[in-house]
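The exercises below are to be worked with the sequence and the model side by side. Try each task before reading its solution.

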Amino acid sequence: MEDLSSFFQKFNIKPHNRELYEMAFTHASFNSDAKTSHHDYERLEFLGDAVLDFVVATNLFILHPEMREGDLTKAKSYLVQSKSLAALARKEGFIKYIRIGHSLNERDVFNNNSILEDVFEAVIGATYLDQGIDFVSKMIYTIFIEEMKNFKLDDLKDYKSILQEAMQAEYRESVQYRVIDEKGPPHYRTFYVEVLFNGIVLGKGEGKSKKEAEQNAARDALNKKATI
């Protein structure tokens, strides 16, 4: 585990209670090895989840006056879902601060969306308790601003399923996806994917995960109204 000083510096935090942040970055497996209890992120995660919901909902309401109530609900759920928070935890470098027991290793944590989601929420909870609602609201806004501003209801569509159903209805066969390139460091990789049908490239896409890249490739194929 890396010292928390760089975390505090990154987010301009002057901690009043450093132990709160240590707890936020502590997985239950660490307690087993250290023979301690109730010194992990589980309670802070509960609080952080509520704070995140409130702050993200408030900002979506302000940033998207065109959205109706149901659309705002969908947008908030999408932005704070497990894989979204896990991706942000990776992007912000939270993994290097997490304390784990011998039963886990860093790769286990990196690939576990549930752990990263919980840590992200716990960090928000700890920051709220230590710095107050105004500070943590600005922190959340800074982390989420691009996702909140650029969110489109189109993001909720499952383009892979739409494309698959269209192709199977017409040709009774499935499409295939192929990774054609990967760029960037392991913790923030960009994947480039093609979607093919009978060896013909229907569309291309990129994303921070293979699933995201595949969705974008399927959307590209649908936008081109691909015909075989």
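**Exercise 1.** What covers the buried residues of H6?

Solution. The model is a predicted one, and the first step is to list the residues concerned: in H6, Ser84, Leu85, Ala86, Leu88, Ala89 and Arg90 are buried. The second step is to look for what lies over them, and the cover includes H4, H5, helix H7 (106-110), helix H8 (113-131) and H9. Moving just past the end of H6, one comes to Gly93, which has a positive phi of about 75 degrees.

**Exercise 2.** Determine how H6 is placed relative to H9, and which residues meet there.

Solution. Begin with the axes, which come within 12 Å of each other and cross at roughly 125 degrees. Angles from 65 to 115 degrees count as roughly perpendicular and those over 145 as roughly antiparallel, so H6 is oblique to H9. The handedness of this crossing is right-handed. Turning to the contact itself, Leu85, Leu88 and Lys91 of H6 meet Ile143, Phe144 and Glu147 of H9; sorted by character, the residues of this contact comprise 4 nonpolar and 2 charged, with no polar ones.

**Exercise 3.** Find which residues of H5 are buried, and explain why they line one face of the helix.

Solution. In H5, which spans residues 69-79, the buried residues are Leu72, Ala75 and Leu79. Viewed down the helix axis, the buried residues of H5 fall within an arc of 65 degrees, and therefore they line one face of the helix. As a last step, follow these buried residues outward to their partners: they pack against helix H4 (42-63), helix H6 (82-91) and helix H9 (133-149).

How values were computed
Residues numbered from 1 in each chain as written. Predicted model: local features only at pLDDT ≥ 70, side-chain atom pairs only at ≥ 80, totals over all residues. Heavy atoms only, no water. Buried < 20%, exposed > 50% of the residue type's maximum accessible area, 1.4 Å probe, protein only. Helix = DSSP H or I, 4+ residues; strand = E, 2+ residues; numbered from the N terminus. Arc of directions from axis to C-beta. Contact = heavy atoms within 4.5 Å. Axes fitted to C-alpha atoms, helices over the stretch in contact; angles between N-to-C directions. Parallel < 35°, antiparallel > 145°, perpendicular 65-115°, else oblique. Left-handed = near helix turned anticlockwise from the far one by under 90°. Nonpolar A, V, L, I, M, F, W, Y, C, P; charged D, E, K, R; others polar.
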